[in-house]
Amino acid sequence: MDDVKIVLPESEMPSKWYNALPDLPTPLAPPLDPQTKKPVDPDQLAVIFPRAVIEQELSPERWIPIPQPVLDVYRLYRPTPLVRASRLEKALGVKCKIYYKNESVSPAGSHKPNTAIPQAYYNKQEGVKRIATETGAGQWGTALSFACSMFGMACTVYMVKVSYNQKPYRKMLINAYGGEIFASPSEMTRTGRAMLEKDPDCAGSLGLAISEAVEDAATHDDTKYSLGSVLNHVLLHQTICGLETEKQLAMAGDKPDYLVGCVGGGSNFAGLILPFLPRKLAGENIRMVAVEPKACPTLTRGQFRYDYGDVARLTPLLKMHTLGHSFMPAPIHAGGLRYHGDAPILCNLVDEGLIDAEAYYQTDCFDAAKLFLQTEGFLPAPETSHAIKGAIETAKKAKPGETVVFLYSGHGMLDLASYDAYMSGKLTNFDYPEENIVEALKDCPVIG
Ligand SMILES: Cc1ncc(COP(=O)(O)O)c(C=O)c1O
């Protein structure tokens, strides 16, 4: 009988991350200084990021060694299992194989510690005492406060207000790890106070929470900023997921025909697919499917152009698919998928036609999550439900014997209020209006 879980021994855990930058068919457009609109000088980034992270952001090296202290913390939960979802296959009546890479087994309950751990480590190495960050649904804030506790550092989290109110247990968990947390917009920063003055009921957005965390880091000498998605170094750290998956599929005697994941800023999806990019470019028929909410259709309907990463225009300009940095998302429950932009590496590959993007309504994703829960037994995070929906639709179209692999990015044990709203029929679907996109893009800089 085939194994249900393909378990990689600890001794087989990858000791290097894969950097896709040298393999991109078209070089990545450089980040630009928000004032001069010229390529950013790495020294400017040093105000908010440690040197080691800036080096990784721009590195031309294909393989980057994972430091031993990072591997030691990874081993608390890595390698993560690759699981054959045969009960789901049976319920769907499909003849293809479905696997999921289960990143929900980490201490924080998602893939986010894969980058939180190295980021905390590099900051600690460079004498930083505190890290400030934003969080959407709370998974990233939890991951960073966990990682900071591993290396004896302080952590400050600005959590998008709508999620802060929807998910009170995330706040408690962040506090339990020793982190402090504020609902964003907050009274702690100039940006937060200005927004509250304009709109006291503002529900917040990731772009706004990023502005608050960047301002915090830029105005305190002992503090740096950390981002949980989008940037090249974050995607780099997440490649451990795809590298393990590649080994596990080989152990099972399989190869991927489809790789599927949900996209908020793009880090878990990129972590799964990037290690397979060289094989795809060499001609292997691997289809890569990115799944996003219809309420935040960045890849499917956003424009590919330079935009700011945050509301206050503090971050460098990145060339990415964007809905405009002033985007205020509808309060869907997948808080981690409500970002106006996406990882430049991912957007570059979407633009090349190497990745397909799909968007779904939240109730359809919760339906998929329920089927998964009632067949495979685990409760997915609302973000992850988008990957499940995408994998199910892909499996229905796949040929008999083909292999669909999706990334199971997190558990939903702290998202039960969202399931309650779903089961009591209180969830609404949102289509993002075209006129809002047109309006928000008017605020984006025009770069020649
Ligand atoms: C469980 C989970 N999945 C997916 C995401 C989306 O982020 P990314 O696209 O960077 O993987 C998040 C973000 O918060 C998350 O918490």
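Two residues are in contact if their C-beta atoms, placed from the backbone, lie within 7 Å. Helices (H or I, at least four residues) and strands (E, at least two) are DSSP runs, numbered from the N terminus.

The model treated here is predicted; local features need pLDDT of at least 70, side-chain atom pairs count only at pLDDT 80 or more, and totals for chains, interfaces and linings use all residues. Residues are numbered from 1 along each chain as its sequence is written.

**Exercise 1. Determine how far helix α10 is enclosed, and identify what covers its buried residues.**

Step 1. A residue is buried if 20 or more other C-beta atoms lie within 10 Å of its own, exposed if 12 or fewer, and partly exposed in between; here too C-beta atoms are placed from the backbone.

Step 2. By that criterion, twelve of the 13 residues of α10 are buried, so the helix is largely enclosed by the rest of the structure. Among them are L206, G207, E212, E215 and D216.

Step 3. The cover over these buried residues includes β6, β7, β8, α9 (190–198) and β9.

Step 4. The length can be checked as well. The expected span of a helix is 1.5 Å times one less than its number of residues. For the 13 residues of α10 (residues 206–218) this gives 18 Å, and the end C-alpha atoms are 18 Å apart, which agrees.

**Exercise 2. Carry out the analysis of burial, cover and span for helix α6.**

Step 1. Eleven of the twelve residues of α6 are buried, so this helix is largely enclosed by the rest of the structure. The buried residues include Q139, W140, F146 and M150.

Step 2. Their cover includes α3 (68–74), α5 (113–125), β6, β7, α8 (168–176) and β8.

Step 3. The twelve residues of α6 should span 16 Å, and the end C-alpha atoms are 17 Å apart, which agrees.

Step 4. After α6 comes G152, with a positive phi near 65 degrees.

**Exercise 3. Which strands form the edges of the open sheet of four strands?**

Step 1. Two strands pair if DSSP finds at least two bridges between them. The order of this sheet is β8-β7-β6-β9, with parallel pairing.

Step 2. The edge strands are therefore β8 (180–184) and β9 (223–225), since each pairs on one side only.

Step 3. Within the sheet, β6 (residues 130–135) and β7 (residues 154–160) run parallel and are joined by six bridges. R130 stands opposite A154 in β7.

**Exercise 4. Place strand β5 in the open sheet of seven strands and describe its burial.**

Step 1. The order is β1-β4-β5-β15-β10-β11-β14, with mixed pairing. At the edges stand β1 (5–6) and β14 (356–360), each with a single partner strand, so one side of each is left without a neighbour in the sheet.

Step 2. β4 (residues 82–84) pairs with β5 in the antiparallel sense over three bridges, and V83 stands opposite Y100 in β5.

Step 3. β5 and β15 (residues 403–408) run parallel and are joined by six bridges; V404 in β15 is the bridge partner of I98.

Step 4. Six of the six residues of β5 (residues 97–102) are buried. K97, Y99 and K101 point one way, whereas I98, Y100 and N102 point the other way. In a regular strand the side chains alternate between the two faces of the sheet.

**Exercise 5. Locate the cis peptide bonds at P79 and P185, and compare the settings of V230 and R313.**

Step 1. Most residues other than glycine have a negative phi, and most peptide bonds are trans.

Step 2. A cis bond joins R78 and P79, with omega about -10 degrees; P79 is in the loop between α3 and β4. Another cis bond joins S184 and P185, with omega about 10 degrees, and P185 is in the loop between β8 and α9.

Step 3. V230 has a positive phi near 70 degrees and lies in the loop between β9 and α11 (232–251). V230 counts as buried because it has 26 C-beta neighbours inside 10 Å.

Step 4. R313 has a positive phi of about 60 degrees and lies in the loop between β12 (303–308) and β13 (317–322). With 17 other C-beta atoms within 10 Å, R313 is partly exposed.
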